[in-house]
Amino acid sequence: MNAKSVVPDEQPVKKGGMQRVLDGIERVGNKVPHPALIFLALIVIVIVLSQILSWAGTSVTTEVAEPATVQVAPEYEGGSSVAGNDAPPAPAIPDYTVKHETITAESLLTGDGIRFIFTTAVQNFNDFGVVAVILVAMIGVGVAEEAGLIAALIRKMVKVAPKGAITFIIVLLGGISSVASDAGYLVLIPLGAAAFASLGRHPLAGIAAAYAGVSAAFFVNVLITPADGIITEVTNETIKLVSPDTHLNVTHNFYFSIAATLFCAAVMTVITERLLEPRLGKYDPSEAPDDAPVDHKPSEEEMKLESRGLRWSVYYLLVAVAIVSALTFIPNAPLRNPDTGEIFGSSPFMSSLLFIISMLFLAAGLGYGKGAKSLTGSTNVINAIVKTFNGLGGLIFLMLLIAQFIAYFNYTNMSTLAATGLADLLERADIGALPLLIGFILLVFIIDLIMPGVIPKWAILAPIFIPLFYRLGIAPQTVIAAYRVGDGPANVITPLMVYLPFIVLVCQRYRKKAGMGTVVSMMLPYTGIVLVAWTLFYIAWYLIGIPWGPSAPVHLG
């Protein structure tokens, strides 16, 4: 008996080729230090390398377009317009002349470099708009999450979803929940398992569908998210190197983000229903441990409060939308462009979009908290915001280091040297823009296996690839769209995903022998198929030439 009981337990220990590969990834990943230490090391490397490059006399000569001096006629008060035309004259458009400019490596270990390090540390962080974006965005999202609105919305939508559409709804909710990622992982994944089990389907398939929805397409959404604001600010910091007048806003990938969210949800639905569920087969409840925790089922009173909270959140949200609409859509409203009356182009409305979304979340969260009695009184609201900010301490410290890294990288001209040199090589190779972008997608995908975070990866890649691709005539918004494609699919298989232990625990509620290998083996089809399908989707979008977002064309003008 003992021998028989030992054999089945030993069989899973035998590792095939794929398992050995995953074990290798896990070993490498476990040796990767904290992102803050990575950026400290990068700062040291930049300082040392800048001196080496300076000693070596590293330089590149490139062509730079500079405006010629323009003579502007003086304006005199009381003067009359020419030929009786009262319209103001059009501003003169300067002629540009192309000049050759030599760019050399600047050392941070010279007198000037050391002075730069010491005198700009505070200013570098102050000028790094990412921190302000995070704090403003998380005011509304944090209150909504703390009040319970996000979790209640997920539960309600899963409950009312048609049985035939439950997979698509769970995956789509996962994508939308990335606006408040903790809610997606901590609420939707257990809920996906429970929803599938209640329909007689395999609960592990529900876990996989929810996990894929939350993580495999994490950096796209039908909403503007805090991550959009952060990536935009990092991009604007780095693009100054080659085009100081170019400035992106948070909607630069909005059309692509919405379409990609729906497309990836459809692809992941097919994977779940056509590939994963047939492989898992019919669920056997005996696979679950005897002491498996039972999913919490809200009481009738809790459900009444939740429904009341959702109603109140709608009331508060409608009031907030009405106020924003009045400030935007009425003629001569303050959020229109004061000169042209434009709303969706260059206007205060577009510039304040992230703040507006945060305030809408805040209004909905306040309404839910009031109706559900989960967040009452001004003190509790302030405490919810403070609690949210407390959880951002580590990220803010990381932003401090990233701000210094980007400033030092720019000062040394290393990014310009690298981008110009690589651009010259790629131009001579005549590879073409699209193959380069596909290669960039694959590079991001590989890096994501050992660095899943959206922000740290971009902080390293943006100073190199934004100037490089810009010099090759590829728009920054096109590069960011490619980054979105490469960033997601590996999230669900990397051992470094911080929520992976939690997902394993959820799986063990339904299959006591489940482990990391169980999760990774379920998620591998999502990674491979989503990467290929999404890359093809990106290629089609690029070739057709659909704008990535408002005033964000595929190609540089």
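Modeller: Before we start, helix axes here are lines fitted to C-alpha atoms over the stretch in contact, and angles run from 0 to 180 degrees between N-to-C directions. Also, this is a predicted model.

Biologist: Fine. At what angle do the axes of H21 and H22 cross, then?

Modeller: Roughly 95°, and the two axes come within 9 Å. H21 covers residues 500–508 and H22 covers residues 516–544.

Biologist: What does that make H21 relative to H22?

Modeller: Roughly perpendicular, because angles of 65 to 115 degrees fall in that class.

Biologist: Which residues make the contact?

Modeller: On the H21 side, Leu-500, Ile-503, Val-504 and Cys-507. H22 contributes Met-516, Val-519 and Met-522.

Biologist: And how does the contact of H21 with H22 split by class?

Modeller: There are 7 nonpolar residues in it, with no polar and no charged ones.

Biologist: Staying on H22, is Ile-529 buried or exposed?

Modeller: Neither: Ile-529 is partly exposed, with a relative accessible area of 33%. That value lies between the 20% limit for buried and the 50% limit for exposed.

Biologist: What is Ile-529 in contact with, leaving aside neighbours within four places in sequence?

Modeller: Val-267, Ile-271 and Leu-275. As for C-alpha distances, Ile-529 and Pro-489 are separated by 8.7 Å, and they sit 40 residues apart along the chain.

Biologist: Switching to aromatics. How many aromatic pairs does the structure hold?

Modeller: It holds 19. Take Tyr-283 and Tyr-510: their ring centres are 6.4 Å apart and the planes are at 70°, so that pair is edge-to-face.

Biologist: Where do Tyr-283 and Tyr-510 lie?

Modeller: Tyr-283 is in the loop between H11 (254–280) and H12 (300–328), while Tyr-510 is in the loop between H21 and H22. The pair therefore ties together parts that are 227 residues apart in sequence.

Biologist: Are those two tyrosines, Tyr-283 and Tyr-510, buried or exposed?

Modeller: Both Tyr-283 and Tyr-510 are buried.

Biologist: What about Trp-541 and Trp-548, how are their rings arranged?

Modeller: They are stacked, because the planes are at 5°, with the centres 5.9 Å apart. Trp-541 and Trp-548 are buried too.

Biologist: Which residues form the aromatic cluster with Trp-541 and Trp-548?

Modeller: Phe-256, Phe-263, Phe-537 and Tyr-538 join Trp-541 and Trp-548 in one cluster.

Biologist: OK, back out a bit. How many helices and strands does the protein have?

Modeller: 22 helices and 2 strands. Of the 557 residues in the protein, 48% are buried.

Biologist: And what share of the contacts between residues at least 6 apart in sequence join residues at least 24 apart?

Modeller: That comes to 82%.

Biologist: Let's look at single helices. How many residues of H7 are buried?

Modeller: 9 of its 11, so by the under-20% cut-off H7 (residues 166–176) is mostly covered. The buried ones include Ile-166, Thr-167, Gly-174 and Gly-175.

Biologist: How many are buried in H10?

Modeller: 13 of its 14 residues, and H10 is mostly covered as well. H10 runs over residues 226–239 and reaches 20 Å from its first C-alpha to its last, close to the 20 Å expected.

Biologist: And how far does H6 reach?

Modeller: H6 (residues 149–160) reaches 16 Å over its 12 residues, close to the 16 Å expected at 1.5 Å a residue. Its buried residues are Leu-149, Ile-150, Ala-151, Ala-152, Ile-154 and Val-158.

Biologist: New topic: where is Leu-398 found?

Modeller: In H16, which spans residues 393–411. Leu-398 is buried, with a relative accessible area of 7%.

Biologist: What does Leu-398 touch, not counting residues up to four places away in sequence?

Modeller: Pro-35, Ala-36, Phe-39 and Pro-456. Leu-398 and Leu-40 are 9.6 Å apart in space, C-alpha to C-alpha, with their positions 358 residues apart in sequence.

Biologist: Last thing, backbone. What is phi of Asn-413?

Modeller: Near 65°, which is positive in a residue other than glycine. Most residues other than glycine have a negative phi. Asn-413 sits in the loop between H16 and H17 (414–429).

Biologist: And what about phi of Ser-551?

Modeller: About 55°, again positive although Ser-551 is not a glycine. Ser-551 is in the segment after H22, and it is exposed, with a relative accessible area of 68%.

Definitions and conventions: Residues are numbered from 1 along each chain as its sequence is written. This is a predicted model: local features need pLDDT of at least 70, side-chain atom pairs count only at pLDDT 80 or more; totals for chains, interfaces and linings use all residues. Side-chain values use heavy atoms; hydrogens and water are left out. Helices (H or I, at least four residues) and strands (E, at least two) are DSSP runs, numbered from the N terminus. Angles under 35 degrees count as roughly parallel, over 145 as roughly antiparallel, 65 to 115 as roughly perpendicular and the rest as oblique. Contact means heavy atoms within 4.5 Å. Ala, Val, Leu, Ile, Met, Phe, Trp, Tyr, Cys and Pro count as nonpolar, Asp, Glu, Lys and Arg as charged, and the others, Gly among them, as polar. Buried means under 20% relative accessible area, exposed over 50%, partly exposed in between (1.4 Å probe, protein chains only). The expected span of a helix is 1.5 Å times one less than its number of residues. Rings of Phe, Tyr and Trp (its six-membered ring) pair if their centres lie within 6.5 Å; planes under 30 degrees apart count as stacked, over 60 as edge-to-face and the rest as tilted.
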